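Visitor: Please show me the model. I have some questions about how its strands and helices are arranged.

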Amino acid sequence: MSYIDSFDHVLVGYLAGLPVYRPLVDIAYPEDGIRDEDFGCSTNQLVVGGGSGEHPGLVLERPDAAMAAFALESGLFDLPADEGAALGDIIAAAPVLQRYGWRPDHEQAFAQRCRSAGLYNPHQPESESLDHWLTLGFGEFAYLAMPVLALQMRARLQQYQTGKPDIAEFNNILLPPPGLPGYSPAGAAFESVLRSLPGEA
């Protein structure tokens, strides 16, 4: 059983073929350190994979910093120089992503997944690091699709937004269609929204 299955959570989508979850309860950091794939995570964070039995977890620990990184590189915002510098300081303050229980083979296989031509915006290792690519994708997703992860940063950035986005620039998180079964007992995070579309029961 995956570690994430020990806690209530919803399926947010899939990133490079791996599920992305949002915990519905805060997961305390393990005190005994029995297994290094165990992780702590709050309801305002996301998890790719989820530990033993599935894929070791990759936690988006700082959605606010991911949003800030997205704002700095997206054409959607007109940021003053001082605000851009302040956002850069926020990003640099601590890691945005954290891996738990990853071995070199996990890292290599995940990097290969992220270079897949099946992704809308596959990672190009010659032009940017994998973590930077992931941060931009998560930042765009959090800002546009799940702002509840960092409401204060969302409000801060929104005042500099210059228009509506034409198309996703960085994101590769695919949403499961309504009714499609998944591993999460609580279902998909956006299922109720999708079911409310015209023509849906």
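Visitor: In what order do the strands of the open sheet run?
Guide: A caution to start: this is a predicted model. The open sheet is formed by 6 strands, and their pairing is antiparallel. Read across, the order is β5-β4-β3-β2-β1-β6.

Visitor: Which strands stand at the edges of the sheet, each with a single partner strand?
Guide: An edge strand has a single partner, so one side of it is left without a neighbour in the sheet. That holds for two strands, one at residues 97-99 and the other at 173-174. They are β5 and β6.

Visitor: Which residue in β4 stands opposite Leu46?
Guide: Strand β3 spans residues 46-48, and strand β4 spans residues 58-60. The two pair in the antiparallel sense over 3 bridges. Opposite Leu46 stands Leu60.

Visitor: Is Val10 buried or exposed?
Guide: Val10 belongs to strand β1. Its C-alpha atom is separated by 5.4 Å from that of Arg22, a residue 12 places apart from Val10 along the chain. The relative accessible area of Val10 is 10%, and the cut-off for buried is under 20%. Val10 is therefore buried.

Visitor: At about what angle does α4 run to β5?
Guide: Helix α4 lies across β1, β2, β3, β4, β5 and β6. Relative to β5, α4 runs at about 120°.

Visitor: Is Thr135 buried or exposed?
Guide: Thr135 lies in helix α4. Leaving aside residues up to four places away in sequence, Thr135 touches Ala66, Ala69, Val96 and Leu97. Its relative accessible area is 7%, and under 20% counts as buried. So Thr135 is buried.

Visitor: How do α3 and α4 pack, roughly perpendicular or oblique?
Guide: Two packed helices are described by the angle and the distance between their axes. For α3 (residues 104-114) and α4 (residues 130-144), the axes are 11 Å apart and the angle is about 55°. Roughly perpendicular needs 65 to 115 degrees, and roughly parallel needs under 35. That makes α3 to α4 oblique.

Visitor: Is the crossing of α3 and α4 left-handed or right-handed?
Guide: The handedness depends on which way the near helix is turned from the far one. For α3 and α4, the crossing is left-handed.

Visitor: How many charged residues does the contact of α3 with α4 have?
Guide: From α3 come Glu107, Phe110, Ala111 and Cys114. From α4 come Leu130, Trp133 and Leu134. By class, 6 residues are nonpolar and no residues are polar. The number of charged residues is 1.

Methods
Residues are numbered from 1 along each chain as its sequence is written. This is a predicted model: local features need pLDDT of at least 70, side-chain atom pairs count only at pLDDT 80 or more; totals for chains, interfaces and linings use all residues. Side-chain values use heavy atoms; hydrogens and water are left out. Axes are lines fitted to C-alpha atoms, for helices over the stretch in contact, and angles run from 0 to 180 degrees between N-to-C directions. Helices (H or I, at least four residues) and strands (E, at least two) are DSSP runs, numbered from the N terminus. Angles under 35 degrees count as roughly parallel, over 145 as roughly antiparallel, 65 to 115 as roughly perpendicular and the rest as oblique. Contact means heavy atoms within 4.5 Å. Ala, Val, Leu, Ile, Met, Phe, Trp, Tyr, Cys and Pro count as nonpolar, Asp, Glu, Lys and Arg as charged, and the others, Gly among them, as polar. Two strands pair if DSSP finds at least two bridges between them. Buried means under 20% relative accessible area, exposed over 50%, partly exposed in between (1.4 Å probe, protein chains only).
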